[in-house]
Amino acid sequence: MSLEFDNNTPIYLQIMNYFKRQIVNGSLAPGDKIPSVRELAAELQINPNTIQRTFQELEREEIVETRRGLGRFVTSEGSKIMEIKKEMAGDLLEKFVQGMKELGFADRDIVSIVSEAVAYEGKGENHERHES
């Protein structure tokens, strides 16, 4: 696990977001065991209290669950994972739309640009891109 931390965001939030991304993209599957506080703190070379806070927040959000004597595991609730995925997508979209509007694009132009990009990506899934 390799993370480069941004000085403008609390480390525990960055680690939380890392785990959320790993869960929603399937790298961590429902029911997978996650590293212990000690393991993760050593691997990332950060204070174990920071990792503990990360895990407490993930548990509070019902993204991970603790099984006494066994450790922490990714939630098995598919609906919770989909909720997280939609929340993360909403955050990305909000930032994207705001950025596009700051560039002077109207709503219809944003929709058109996104449609073109999605169509292009759809065609590119079966073909390799060649960069010049």
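This report walks through the helices and the sheet of the structure above, and how they pack together. The model is a predicted one.

**The annotated region**

A good place to start is the stretch that a record picks out. In an unreviewed entry, UniProt lists residues 9-77 under "domain: HTH gntR-type". The span of residues 9-77 is 51% helix and 14% strand. Its end C-alpha atoms lie 28 Å apart.

**The sheet**

Next, have a look at the strands. Three of them form an open sheet with antiparallel pairing, and their order is 1-3-2. Strand 1 (33-34) and strand 2 (64-67) are the edge strands, each pairing on one side only. As general background, strands of a sheet pair through backbone hydrogen bonds, either parallel or antiparallel. Here, strand 2 and strand 3 (residues 71-74) run antiparallel and are joined by four bridges. To find your way along this pair, look for E65, which stands opposite F73 in strand 3.

Which helix packs on the sheet? Helix 3 (residues 48-60) does, and it touches strand 1, strand 2 and strand 3. The direction of helix 3 makes about 105 degrees with that of strand 2.

**Helix 3 and its partners**

Helix 3 also meets helix 1 and helix 2, and the table sets out the two pairs.

| Helix pair | Angle | Axes | Handedness of crossing |
|---|---|---|---|
| Helix 2 (residues 37-44) and helix 3 | roughly 125 degrees | within 9 Å | right-handed |
| Helix 1 (residues 11-24) and helix 3 | about 50 degrees | 9 Å apart | right-handed |

Let us take helix 2 with helix 3. Their axes cross at roughly 125 degrees, which makes helix 2 oblique to helix 3. On the helix 2 side, the residues that meet helix 3 are V37, L40, A41 and L44. Facing them from helix 3 are P48, I51, Q52 and F55. Sorted by class, this contact has seven nonpolar residues, one polar residue and no charged ones.

Now for helix 1 with helix 3. These two pack at an angle of about 50 degrees, and they are therefore oblique to each other. Helix 1 brings I11, Y12, I15, M16, F19 and K20 to the contact. Helix 3 answers with T50, I51, R53, T54, F55, E57 and L58. By class, the contact of helix 1 with helix 3 has eight nonpolar, two polar and three charged residues.

As you turn the model, you can look for I51 and F55 of helix 3, which are among the residues that meet helix 2 and also among those that meet helix 1.

Definitions and conventions. Residues are numbered from 1 along each chain as its sequence is written. This is a predicted model: local features need pLDDT of at least 70, side-chain atom pairs count only at pLDDT 80 or more; totals for chains, interfaces and linings use all residues. Side-chain values use heavy atoms; hydrogens and water are left out. Two strands pair if DSSP finds at least two bridges between them. Contact means heavy atoms within 4.5 Å. Axes are lines fitted to C-alpha atoms, for helices over the stretch in contact, and angles run from 0 to 180 degrees between N-to-C directions. Angles under 35 degrees count as roughly parallel, over 145 as roughly antiparallel, 65 to 115 as roughly perpendicular and the rest as oblique. A crossing is left-handed if the near helix is turned anticlockwise from the far one by less than a right angle, and right-handed if clockwise. Ala, Val, Leu, Ile, Met, Phe, Trp, Tyr, Cys and Pro count as nonpolar, Asp, Glu, Lys and Arg as charged, and the others, Gly among them, as polar. UniProt positions are given in the numbering used here, feature names are shortened, and annotations may be inferred rather than shown by experiment.
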